[in-house]
Amino acid sequence: MNKIISISLIILTLVIPAISQSNKNNKEVKNVILMIGDGMGIAQIYAAMTKNGMQLNMTQGTQTGIATTYSADKYITDSGAAGTAISTGVKTKNGSIAVDTAGNKLKTMLEYCEEKGMVTGLVSTSSVTHATPASFIAHQASRGSYEDIASDFLKTDIEVFIGGGLDHFKKRKDGKDLTLDLTKKGYTVIEDQNQVISFKGKKLAALTAAEHHKKMTEGRGNMLPESTEKAIEILNTYQKGFFLMVEGSQIDWAGHANDAEYNVAETIDFDKAVGKALEFARKDSNTLVIITADHETGGMTITGGNIEQKESQIHFSTKNHSAIPVMLFAYGPGSETFSGFYDNTDIIKKILPLLKINEK
Ligand code: MG
Ligand code: ZN
């Protein structure tokens, strides 16, 4: 009996400090960085990993999840409905941008965060008016209404956006130049990507391509990782907590084109941007980083390969999206919430409580 008591005491003295230690490390979530690889399935991730010497940043996420992606009206989603599901928690029709199946506006994660007094940003290699970034800031029945989506950027208090889409702000059918309105609202408007790195200030609208940025395989260079780093730097100066969405937009387009080289280059580039987010999160310790995809594109599979030669044999089964559920990697405080198999509408339901925001 005495032996049992003394063993129990030993266990307690070992366990109690361990528990209080883990509580001490249980930091609050102040910032959220959501990274979306458009069209990035697990084959895309593994092909990029193989090419990159069996190493990626995104796989350093300490928790993994899998999410289903079907939309309200189709088994296979598009980026509008999937972006809306992730940003609002509501399934809608393909082609819709943050409106429900009846066309009513849905509040987005970015808008919830703005309402709470946080600062926000969007970064993409496509035009910022394209479906994925648009799903976080605009409300339109049709993803093709690029000029109306551009107008919606003036209706929020977003602090930073970096991507393409200058023509949707400046060369419009209504003759308006929205870059003038942005300047009036306090933004510095930058049209040259080379000026992004040296920017010092509080509000940045960097529209650094007429429409989309170049392909990685045609010389886009470091645009996405450097823009991610700059957006984090700007948002962090406010010290109010921030929400940033970063999209690797063109993994999807490489999937549609069934172009393996383009696909791998885009996924590795996206992963470099993930590296910038993780680098910040490691130092900060109050930042949750989520890396996921809106859907898979190309029905990509790998039928052979060689680790030493950093090669994989890639095949595509469609020129369109597939129904295959997508991976999610989570790093930082609250990341344990993301372990499991769920639907893409559950992602926001996991994020908002960590920020102490009530969904309504
Ligand atoms: Mg997209
Ligand atoms: Zn697509």
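A residue counts as buried under 20% relative accessible area, as exposed over 50%, and as partly exposed in between. The exercises below use this scale on a predicted model.

**Exercise 1. Classify Asp252 and His256 as buried, partly exposed or exposed.**

Solution.
Step 1. The relative accessible area of His256 is 28%. This lies between the cut-offs of 20% and 50%, so His256 is partly exposed.
Step 2. For Asp252 the value is 4%. The cut-off for buried is under 20%, so Asp252 is buried.
Step 3. Both residues belong to helix α10 (residues 250–256), where they are 4 residues apart, about one turn of the helix.

**Exercise 2. Find the protein donors of the zinc ion (ligand 2) and describe their arrangement.**

Solution.
Step 1. Asp252 is listed twice, each time with an OD atom, and His256 and His321 each give NE2. These donors lie 2.1 to 2.3 Å from the zinc ion.
Step 2. Along the sequence, the spacing of the donor residues is D-x3-H-x64-H.
Step 3. Four donors count as tetrahedral if all angles lie between 85 and 135 degrees. The angles subtended by the 4 donor atoms here run from 58 to 151°, so the arrangement is irregular.

**Exercise 3. Find the protein donors of the magnesium ion (ligand 1) and state where Asp38 and Glu247 sit in the chain.**

Solution.
Step 1. The donors are Asp38 (OD), Thr132 (OG1) and Glu247 (OE), at 2.0 to 2.3 Å from the magnesium ion. Their spacing in sequence is D-x93-T-x114-E.
Step 2. Asp38 is in strand β1 and Glu247 in strand β7; the two are 209 residues apart, and the pair links distant parts of the chain.
Step 3. Asp38 has a relative accessible area of 2% and is buried. Glu247, at 1%, is also buried.

**Exercise 4. Decide whether helix α9 is largely enclosed or not enclosed by the rest of the structure, and name elements that cover its buried residues.**

Solution.
Step 1. Helix α9 (residues 223–237) has 15 residues. Its first and last C-alpha atoms are 21 Å apart, close to the 21 Å expected at 1.5 Å a residue.
Step 2. Of the 15 residues, 11 are buried, so α9 is largely enclosed by the rest of the structure. Among them are Met223, Pro225, Glu226, Lys230 and Leu235.
Step 3. The cover of these buried residues includes the strands β1 (31–39), β3 (119–127) and β7 (242–248), and helix α11 (260–284).
Step 4. After α9 comes Gln239, with a positive phi near 60°.

**Exercise 5. Locate Asn52 and give its distance from Ile268.**

Solution.
Step 1. Asn52 is in the loop between α2 (42–51) and β2 (63–68).
Step 2. With a relative accessible area of 29%, Asn52 is partly exposed.
Step 3. Asn52 is separated from Ile268 by 216 residues in sequence, but by 7.4 Å in space, C-alpha to C-alpha.

**Exercise 6. Judge how compact the chain is for its length.**

Solution.
Step 1. The chain contains 12 helices and 13 strands.
Step 2. Its radius of gyration is 21 Å, and the globule rule gives 21 Å for 360 residues, so the chain is as compact as a globular protein of that length.
Step 3. Of the 360 residues, 55% are buried.
Step 4. Among contacts with a separation of 6 or more, 72% are between residues 24 or more positions apart.

How values were computed
Residues are numbered from 1 along each chain as its sequence is written. Chains are lettered from A and ligands numbered from 1 in the order in which they are written. This is a predicted model: local features need pLDDT of at least 70, side-chain atom pairs count only at pLDDT 80 or more; totals for chains, interfaces and linings use all residues. Side-chain values use heavy atoms; hydrogens and water are left out. The expected span of a helix is 1.5 Å times one less than its number of residues. Buried means under 20% relative accessible area, exposed over 50%, partly exposed in between (1.4 Å probe, protein chains only). Contact means heavy atoms within 4.5 Å. Donors are N, O and S atoms within 2.8 Å of the metal (3.2 Å for Na, K and Ca); water is not among the atoms, so sites may look incomplete. Four donors count as tetrahedral if all angles lie between 85 and 135 degrees; four count as square planar and six as octahedral if opposite donors are over 155 degrees apart and all others between 65 and 115; anything else is irregular. The radius of gyration is taken over C-alpha atoms; the globule rule is 2.2 Å times the number of residues to the power 0.38.
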